[in-house]
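Welcome to this guided tour. Open your viewer, keep the selection tool handy, and follow along one stop at a time.

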Amino acid sequence: MKNLLENNENLDPEDWEASKALMHKMVDDAFDYVKNVRDRKIWQNMPNEVLETFKTKLPKTPSSSASVYQELQDNVLPYPMGNIHPRFWAWYMGNGTISGVMGDFWASILNPNLGGGNHAAHKVEEQVINWIKEIIGFPETASGLLVSGGSMANYSGLTVARNVKAGYDIRAEGLKENNLVFYGSTEVHSCNTKAVELLGLGTKGLKKIKVNNDYTININALKQQIALDKANGLQPICVIGTSGTVNTGAIDNLNAIADICEKENLWFHVDGAIGAIAMLSNKVKPQLNGIQRANSVALDLHKWLHMPFEAGCVLIKDSYEHKNTFSLIPEYLEKNTRGLASGDNWFSEYGLQLSRRFRALKVWMSLKEHGSEKFGRMITKNVDQAYYLANLIEIHPDLELLAPVGMDIVCFRYNNGNNTLNELNAINKEIKLQIEERAIALPGYTTLNNIYCIRCAISSHRVTNADFDDLITHILSIGKAISK
Ligand SMILES: *Cc1c(COP(=O)(O)O)cnc(C)c1O
């Protein structure tokens, strides 16, 4: 007898054809949105009536998908972060790519879980990790994992470092004594501090070593600190070298750090969130020499490889040490020798996450479509643009370069010589805000030696030299208007 109460409701479109037509329209709109990005404001404040729409309560009953899309068009699309625009130079982000969008679209349609199993998505991620090993110069026997970004990649690498170098089974025992020490420069990214805190060592577990004038780690100071710590009964375990610091793009002397780590039997980790992928650029690659000697490398694909967020990668030279840190197989995850639950190297054994999205697909499709050499050229182009901007600054008497250009990062200020340090800091902050609020561009900022800097991190594949000409024109005119 038929069960009259059977509920066949599901979440598929009620009208597949209408839904398909709406999606086609979204694709048309989205392509135009990207293509015409220069015609819209890079950034604008959200008016109150828009802000109010984000305060409405949980929608309990349906709305048509067309009306939901209308809301997206009215209240979200006009107020972007700005980072798909060619003139976004704040923090450090990529533009995203259309091929990346295609990959993310299919990743959500296929919707596999990359925790493990024997299916094609797993093979795609394996292949992408192998390609990244090839880029960095790691051996085929190394292991890796795609993660959300640089923070998780650094966290993963530093966790393996701690577990391998502690000298006892820290997974079973926990910290016996809180005397393990990591080292990085004063320019090391804050996510490494967070990672060391999470590893149970406290902020004091990451010692920050002074930098040279070019913001690279001072190798002698590093050696001295390690010797001093050993003499005081601490246990040095790892040095973090940065290839592309977030402030100025400085690349630590990776070979010198590798030498110290070999001599002292320390783990060598590279935070290459910004710069490791620049191994693709013939221009930057020589500066990264030594990266292939690292025990682990963290890198970002949503920065200088322009993948849509989120995409990062950690590589570990010794796959056994990697797996030993994260593998834990309860009975409900036991593998079979046949069928879906077969296959080696389940990714959940190499990181913290069990369920994992198919972030490899956008990377796989993009690298195939463009080829790695083109991505390398995009990186080289940004480096050349950084020097182009630096030259505009250097030839103008009212502009001052504040740090050596590191890869694609330029730190500078307006300074016509008539103002005090405090005045200059206020003037340059105001210049940056006016440039932003007038939607001319989105430069970033930082502070170096108490000096407020306008900081441009040029990681856009869409930007041209004319954008920097225009930036400088505006900075000079605002600077002139508001200074003595
Ligand atoms: C951006 C950045 C990170 C953090 O990466 P996320 O992808 O933002 O998590 C770490 N280190 C450096 C040097 C960075 O520039």
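What covers the buried residues of H10? Before looking, keep in mind that this is a predicted model.

**Stop 1: helix H10**

Select residues 254-264, which form helix H10. Colour its buried residues: Leu254, Ala256, Ile257, Ala258, Ile260 and Cys261. Now add residues 219-231, 235-242 and 267-272 to your view. The cover over the buried residues of H10 includes these three pieces: helix H9 (219-231), strand E5 (235-242) and strand E6 (267-272). Next, step just past the end of H10 and click on Asn265, where the backbone takes a positive phi of about 60°.

**Stop 2: the ligand**

Now select the ligand and show its surroundings. You should find 14 residues around it, and the closest are Ser151, Asp271, Asp300, His302 and Lys303. Which helix gives the largest share of this shell? Select residues 150-165: that is helix H6, and 3 residues of the shell come from there. By type, the shell holds 4 nonpolar, 7 polar and 3 charged residues.

Zoom in on three polar contacts with oxygen atoms of the ligand:

- At Gly150, look at the backbone: one of its N or O atoms is 2.8 Å from a ligand oxygen.
- At Asp300, look at the side chain, where an N or O atom lies 2.7 Å from an oxygen of the ligand.
- At Lys303, a polar side-chain atom sits 2.9 Å from a ligand oxygen.

How much of the ligand does the protein bury? Taken alone, the ligand exposes 380 Å², and the protein buries 85% of that.

**Stop 3: the domains**

Zoom out and colour the chain by its domain assignment: domain 1 covers 43-79, domain 2 covers 101-370 and domain 3 covers 374-482. Place a marker at the C-alpha centre of domain 2 and another at that of domain 3; the two lie 31 Å apart. Where these domains touch, 28 residues of domain 2 and 26 residues of domain 3 take part.

**Stop 4: Asp467**

For the last stop, select residues 465-482, helix H15, and find Asp467 in it. Is Asp467 buried or exposed? Asp467 counts as buried because its relative accessible area is 2%, under the 20% cut-off. Show its side chain and you will see it reach the backbone nitrogen of Thr464 at 2.9 Å. Leaving aside residues up to four places away in sequence, Asp467 touches Arg38, Pro86, Arg87 and Trp89. Select those four together with Asp467 to see the whole group.

Key
Residues numbered from 1 in each chain as written. Predicted model: local features only at pLDDT ≥ 70, side-chain atom pairs only at ≥ 80, totals over all residues. Heavy atoms only, no water. Helix = DSSP H or I, 4+ residues; strand = E, 2+ residues; numbered from the N terminus. Buried < 20%, exposed > 50% of the residue type's maximum accessible area, 1.4 Å probe, protein only. Polar contact = N/O pair within 3.5 Å; in protein donor to acceptor, adjacent residues only side chain to side chain. Contact = heavy atoms within 4.5 Å. Near = heavy atom within 4 Å. Areas by Shrake-Rupley, 256 points an atom, 1.4 Å probe, with all protein chains shown as cover. Nonpolar A, V, L, I, M, F, W, Y, C, P; charged D, E, K, R; others polar. Domains from an automatic or database assignment.
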